[in-house]
Amino acid sequence: MTDSPEYAIQVSDLVKSYDGRRRAVDGVSFHVRQGEIYGLLGKNGAGKSTVIKVLTTLIPPTSGSAMVNGLDVRRDAIRIRKRIGVVQQEESFDYATVERNFDIYGMLWEVPRHIIASRKEELIEFFNLTESRKKRAFELSGGQKKRLQVAREFIHDTDVLFLDEPTVGMDPVMRRDVLNFIREKVRDGLSIIFTTQILEEADFVCDRIGIMDKGRMVAEGTSRELKEKFGSMKKLSIGLTDPVPHEIAERISRSIELVGGITSITVTGREMNILGLDLGSNVKAIIDVIGSLDVSIDHISLDMPSLDDVFLEAVKK
Amino acid sequence: MKLPAFVRLTVRNVMVNTDPGTMFFMFGIPIFYLLVMGLLYQGIITGIPVNGVLIPYTTFLAPGIVGMQAFTAGNIGGGMLWADRRWGMFEQLLVGPFRRSEYLFGIIFLSVIFAIGGSLIMIILASLIKSATFSMSLLSYAYLIAALVTGTILFSSLFLIISIKARSMNAYSTITFLLFFLLDFASTAFYPITSNTPLPLRIVSAGNPLSYIVDVMRDSMVYGISYSTLFDLGIITALMAVVLPVSILLYGNVRTGIQ
């Protein structure tokens with residue numbers, strides 16, 4: 001086991017360009033503390049998976065530094081790989097049954113047989129693979145394959161776990177169970193980098209979050225910090241008594257835009273969501289605008305923005 | 001006991017490949033050739049002339065089937081890279097505690113294990129056939145194993161190259177299927193190549209590495225070791241010395257982690 005430095009992951013000014021032209025990662029810096037779940041968020045092509053691939057030593061960085069548990073990804077690749085677990089975004093499994101996939105993986109990571117046997121049973125049960133245990137992995141559904149991929153990483157001991165969109169294809173119940181399982185493992189000292197496009201997941205499971213866009217880190221902090229950082233922005237949710245026709249919705253949107261400080265307006269059926277700065281002082285003006293169009297309001301609430309809203313705001317800048 | 005990484009990868013490769021389909025391909029088809037085709041043809045072929053003496057067809061065929069194990073095992077081994085890339089395990093293993101070279105060794109060792117195991121089974125089965133007679137010495141065993149190992153590495157390398165270059169599953173399957181027929185049937189495995197053989201087939205057979213492997217097997221098991229055995233083994237070794245570095249070079253350039 002490696003000594004535990006302060007940070008499980010330290011990335012400084014990381015650049016990865018393909019063929020010297022396109023920069024998939026462009027000067028990214030962040031760190032992950034020991035025993036922390038760090039969420040890496042971003043749209044498709046934002047550079048999250050490339051960061052993971054550099055950190056898991058699959059591809060070398062073009063410049064900058066990347067350390068995993070105090071080890072350099074360039075110089076200490078094999079030592080890093082002995083102590084990490086990786087759930088890649090793409091499916092990966094051996095052309096064998098579910099059970100055999102666990103046996104093979106455990107053997108590859110030098111896990112003693114009796115431990116493989118006991119962990120395998122626990123994992124098969126927890127990840128709800130009991131009925132499929134004799135099936136070949138390629139016969140499983142997308143969600144089952146992903147469960148197998150995630151479960152397999154817990155057959156061996158790791159210091160840092162990389163989860164690249166691990167819950168894709170899972171039903172909501174299994175997704176929540178897996179996230180709880182991950183949180184449980186973190187209590188045992190595991191550090192995790194977690195990428196997802198489901199922001200509720202990141203909100204639920206991550207201690208800190210980094211938002212990437214076009215290869216750059218555009219925002220970073222805890223979920224609360226991010227909400228506060230973008231917090232001068234508020235979310236006004238208005239429930240309407242009756243659904244409004246499209247033309248009226250358009251008129252409401254155009255009129256409210258004139259109030260000022262509005263970032264976005266969405267009107268769908270009876271729901272109306274308005275994001276903007278200083279909304280608190282503009283609530284009365286907005287209500288008046290809606291009233292002037294003979295639309296009646298059922299309820300109204302002014303909230304912090306959700307992580308979805310923060311994300312959209314961060315990648316828009 | 002801690003096993004070296006390449007041994008663990010070899011064990012993994014064996015575990016993955018001991019499925020009924022692969023086992024049938026590795027052992028079932030050759031057993032069919034040996035027992036069904038061999039005995040059926042023996043009923044209509046009085047014998048194969050060797051040095052003025054007629055030898056039973058099964059005696060002639062058995063070394064051919066043993067030699068084919070190098071090709072079949074090489075196909076399974078080299079094809080592992082294709083399967084691992086197809087099922088995402090290549091990258092998964094490379095983010096595990098393994099070096100690229102260890103992955104390659106795992107494939108080559110798998111092929112050699114399958115080739116030796118398969119040959120042993122074929123030799124045992126062939127010696128159970130009443131009409132087939134073989135005379136083997138320590139030297140002939142040494143030649144047999146040397147040809148089997150070099151031949152297997154040669155074919156593993158060839159299939160590794162195909163695994164790397166084939167762009168789709170269809171392309172990979174078609175190329176391996178064509179090679180299977182071309183190399184197996186246009187070799188000396190099933191028929192003697194004589195002056196009566198049509199010239200184009202003689203040329204193909206002479207350029208077919210499997211012919212040289214089979215000739216070493218036949219010398220080792222039936223005719224006896226001579227300078228021509230050494231020459232055949234030299235050809236196989238030389239071919240391996242060319243194809244293996246090419247496959248290693250191409251393998252080294254297989255890119256990972258590209259989206």
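**Core, sheet and contacts of a predicted two-chain model**

Leaving aside neighbours within four places in sequence, A:Ile193 is in contact with A:Ile9, A:Val32, A:Tyr38, A:Leu40, A:Ile52, A:Phe162 and A:Leu163. The model is predicted, and A:Ile193 is, together with A:Phe162, one of the two residues that touch the most other members of the largest nonpolar core, which holds 135 residues. The points below take up the cores, the two domains of chain A, the sheet and the contact between the chains.

**Nonpolar cores**

- Helix 3 of chain B, residues 57-86, gives the most to the largest core, contributing 14 residues.
- Because domain 1 (7-227) and domain 2 (230-316) of chain A both give residues to the largest core, this core lies between them.
- A second core, separate from the largest one, has 14 residues, among them A:Leu236, A:Ala249, A:Ile256 and A:Met272.
- In soluble globular proteins, nonpolar side chains tend to be buried together.

**Domains of chain A**

- Chain A is divided into domain 1, covering 7-227, and domain 2, covering 230-316, and the C-alpha centres of these two domains of chain A lie 38 Å apart.
- Their contact takes twelve residues from domain 1 of chain A and ten residues from domain 2 of chain A.
- On the side of domain 1 of chain A that touches domain 2 of chain A, the elements giving two or more residues are helix 7 (199-205), strand 9, strand 10 and helix 8 (223-229) of chain A.
- The residues on that side of domain 1 of chain A divide into seven nonpolar, one polar and four charged.

**The six-stranded sheet**

- Six strands of chain A form an open sheet with mixed pairing, in the order 6-7-8-3-9-10, and its edges are strand 6 (84-87) and strand 10 (216-221) of chain A, each of which pairs on one side only.
- From one strand to the next, the twist averages 15°.
- Strand 9 of chain A, residues 208-213, pairs with strand 10 of chain A in the antiparallel sense over five bridges, and A:Met212 has A:Met217, in strand 10 of chain A, as its bridge partner.

**Contact between chains A and B**

- The contact between the chains takes 24 residues from chain A and 20 residues from chain B.
- On the side of chain A that touches chain B, helix 1 (48-55), helix 2 (77-82) and helix 3 (98-108) of chain A each supply at least two residues, with the largest share, four residues, coming from helix 3 of chain A.
- The residues of this side of chain A divide into eleven nonpolar, five polar and eight charged.

Note on methods:
Residues numbered from 1 in each chain as written. Chains lettered and ligands numbered in written order. Predicted model: local features only at pLDDT ≥ 70, side-chain atom pairs only at ≥ 80, totals over all residues. Contact = placed C-beta atoms within 7 Å. Nonpolar A, V, L, I, M, F, W, Y, C, P; charged D, E, K, R; others polar. Pairing = 2+ DSSP bridges. Axes fitted to C-alpha atoms, helices over the stretch in contact; angles between N-to-C directions. Core = buried A, V, L, I, M, F, W, Y, C linked by C-beta atoms within 7 Å. Buried ≥ 20, exposed ≤ 12 C-beta atoms within 10 Å, placed from the backbone. Domains from an automatic or database assignment.
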